[in-house]
Amino acid sequence: MDWASVPHDVLPASASTQWQAQNLSYLMQAIMAVRVTLKSAAGELEEAANSDVDEINQSLAAIAAAMSTPPHLEQVSTIFGLSRFEQMILLCCVGQALDPAFPGLLANAQSLTGESYTTIQLAMQCFADPHWSAVTERRPLRAWQLVHWASHPEPSRAALQIDEAILHHLMGEPYHDPVVTAMLKPHSPLAGQTPLQPSHQTLLEQMVVLLQTSQAAPLLQLCGTLRDLQWAIAHQVSEQLQWPSYRLPSDAIPSDRADLQNLIRRWQRWVKLQPSLLCLEITTITTAAGSQPPLVEAFLDEINVPLLIITDGRLPFTPRSMMTFEVTGLQYGEQLQLWRAAWPERDPTFELELARLASQFRLSAPLIQTASAAVQADETSPAAEWGDRLWDFCRAQARPQLEGLAQPITINATWEDLILPQREKSLLHQITTHVRQQAQVYQQWGFASKNQRGLGLTALFAGVSGTGKTTAAEILAHELNLDLFRIDLSAIMSKYIGETEKNLRKIFDAAEVGGAILLFDEADALFGKRTQVKDSHDRHANIEVSYLLQRMEAYQGLAILTTNLKDNLDQAFLRRLRFILNFPYPKQPERSQIWARVFPAATPTKGLDFELLGQLDVTGGNIKAIALNAAFLAAEAGKPVTMQHILEATRTEYWKLGRSLTNTEIQYWEVD
């Protein structure tokens, strides 16, 4: 049978190429050998005609010798280890699928039963070196789903059918399995993707070496929240290996065990026929009670082919042969080089601006290029404002990522709004100095290269509620021109193992991009003394504290922790803080100063005695609340704010605090 006699609608569109034509010719000649064998079994050929098989085999050898790569039939037979008998069964199923006359030939060969399809009974009768194991699940025909065995009361007469993906591949098409591609899709790089920087290029090289040389199929885990960068590295890995990459979200993994096994086996078959890289993106690591998403852990344990895992954090379980790589943002030197490349013509002053940007923020290469291009394209912006424009662009990058994770605080406070002892004010000024000069001290003076640990800038503000801790944080943000976010501890703490660390990771990673100031309010709730480990809950709590300490040391922005109970904090934690500021309860002179500054200039007042108001034994926060309430009372009465309004507002505030207003506190007050 010549391949040209095959019906036109079964010829592949690419059969015009030389290899495709040779591959198809080889397949059709191999099917011809099956036809001759079947006709001989049916008594339709003279005995001398059996010599046709020898001629076909010679023709097959000649075709294969002329091909640049072996025909797909031989590749499949070699890769899966098919015996000659199993190959004849496979070819019989292919002929049945391609040749309209084949069912009649099968029926004639099975004259006693009359089935017009391939069966193991037929194969045992017609083909040389028969063995029943060919259709058992331990042999490749069924183990690799090359053929499917239909249900039948008599197994020997059950129909055998070629798998669709295998049929297409034998016909010369690149391997493609529609069952698998229904759950995953090819991964292609983002448009305009920039080359990897040196630190990420090192990760890439390490991963490629592991995939090329590892005896066991490795699992490589890329941890981090920089998804575009993780996928860029994954694409570069597939490019260097010349393996196409495919993307599988974890929620697409079947929850049914049989479906899972089918997916695993079909992907393993795919990799054998077409080396490829599967990239699994784990979008949800844990659910209630610490359970995994549907059969993710089983999938990783059983897949046994090279796999790249994209995750936010390390998996809470350890699959076989897994190597973990942390994908972090660009280092200072890499960012500075990108800034310099984007601003080739710059004066020394602007060089300092670029150094500050590289030190304070952690932007990707595309963002640096976008920011620079936007500022340079604005012809109305004078050169003197370029640094400020770039700074504002950089600090804005974290805002969308921090939404839902932290509460932005509107910055209004100035140094005049804060009444503190001189020592505490001096420490606040030192904090601003450390933030501003970190590029020079860490990078230019070499402190970062000498010791990578302990470079994170963390300050503890300790004092009772209302003594000015949040106001001080606002002042620092205003002074440094940075965003301030309050962290809601109740929102990030979770009873499920691993979830608190995951939430903290998202916060720090997002904040680092825009150099935001993080304010952990009432930090003793999370950072209290580590307990003696008595059970898994204690161990989990200690892990949370340790993780936070690690992230604070690595965070290149400013983290501020506030507490009402400094003594409750772990001493190991306190040792890692760079600044500790005590916000004392204000005495009468300080309270009088606060009263003198609490009312805006536009607020009408009459007869207010700030010295007498300082007798009220309250904090600055209470003073603000009293002043605001008094302003509403005065507005309702259509009068300026007087001592009488403040007295009424004070009684309301004291009632809220569960206290009684004493005569000593309002002694000498003149009220109506």
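This text walks through a pocket, a buried glutamine, the salt bridges and the cysteines of the structure above. The model is predicted.

Start with a pocket. The second largest pocket has a volume of about 680 Å³. Its lining is made up of 32 residues. Five of these lie nearest the pocket's centre: D417, G468, T471, G620 and K624. Which helices and strands help to build the wall of the second largest pocket, with at least two residues each? Three helices do, namely α22 (469-480), α28 (588-598) and α30 (620-637). The strand β13 (558-563) does too. Now sort the lining by class. It has 12 polar residues, 10 nonpolar residues and 10 charged residues.

Next, find Q335. This residue sits in helix α14, which spans residues 332-342. Is Q335 buried or exposed? Its relative accessible area is 1%. Buried means under 20%, so Q335 counts as buried. What does Q335 touch, once residues up to four places away in sequence are left out? Its contacts are L330, A358, F361, R362, L363 and I368.

Now turn to charged pairs. A search of the whole structure finds 26 salt bridges. Three of them are worth tracing on the model.

Take R266 and D177 to begin. They form a salt bridge, and their closest N and O atoms are 2.7 Å apart. The pair links distant parts of the chain, 89 residues apart. R266 belongs to helix α12 (residues 257-273). D177 is in the loop between α8 (164-170) and α9 (178-181). Both R266 and D177 are buried.

Return to helix α14 for another pair. There, the side chain of R340 meets that of E351 in a salt bridge, with 2.6 Å from N to O. R340 lies in helix α14 and E351 in helix α15 (residues 348-360), so this salt bridge ties together parts that are 11 residues apart in sequence. How accessible are the two partners? R340 has 27% relative accessibility, so it counts as partly exposed. E351 has 19% relative accessibility. The cut-off for buried is under 20%, so E351 counts as buried.

The pair R399 and D483 spans a longer stretch of sequence. Their side chains meet in a salt bridge at 2.9 Å, N to O. R399 lies in helix α18 (residues 399-402), while D483 lies in the loop between α22 and β11 (484-487), so the pair ties together parts that are 84 residues apart in sequence. Helix α22 also supplies residues to the lining of the second largest pocket. R399 is partly exposed, with a relative accessible area of 36%. D483 has 9% relative accessibility and counts as buried.

Salt bridges can also share partners. Which residues are joined into one network in this way? They are D163, D177, R266 and R269. D177 and R266 are the buried pair described above.

Last come the cysteines. A disulfide is a covalent bond between the sulfur atoms of two cysteines. How many disulfides does the structure hold? It holds zero. C93 shows why a cysteine can go without one here. The nearest cysteine sulfur to that of C93 belongs to C92, and it is 6.2 Å away. A disulfide needs sulfur atoms within 2.5 Å, so C93 is in no disulfide. C93 is also buried, at 2% relative accessibility. C223 counts as buried as well, at 0% relative accessibility.

Conventions:
Residues are numbered from 1 along each chain as its sequence is written. This is a predicted model: local features need pLDDT of at least 70, side-chain atom pairs count only at pLDDT 80 or more; totals for chains, interfaces and linings use all residues. Side-chain values use heavy atoms; hydrogens and water are left out. On a 1 Å grid over the protein atoms alone, a cavity is a set of points where a 1.4 Å probe fits but cannot get out, and a pocket is an open set with protein on both sides within 12 Å along at least five of seven lines; lining residues have an atom within 4 Å of a point. Grid points are joined across faces, edges and corners, and a volume is the space filled by probe spheres set on the points. Helices (H or I, at least four residues) and strands (E, at least two) are DSSP runs, numbered from the N terminus. Ala, Val, Leu, Ile, Met, Phe, Trp, Tyr, Cys and Pro count as nonpolar, Asp, Glu, Lys and Arg as charged, and the others, Gly among them, as polar. Buried means under 20% relative accessible area, exposed over 50%, partly exposed in between (1.4 Å probe, protein chains only). Contact means heavy atoms within 4.5 Å. A salt bridge is a side-chain nitrogen of Lys or Arg within 4 Å of a carboxyl oxygen of Asp or Glu.
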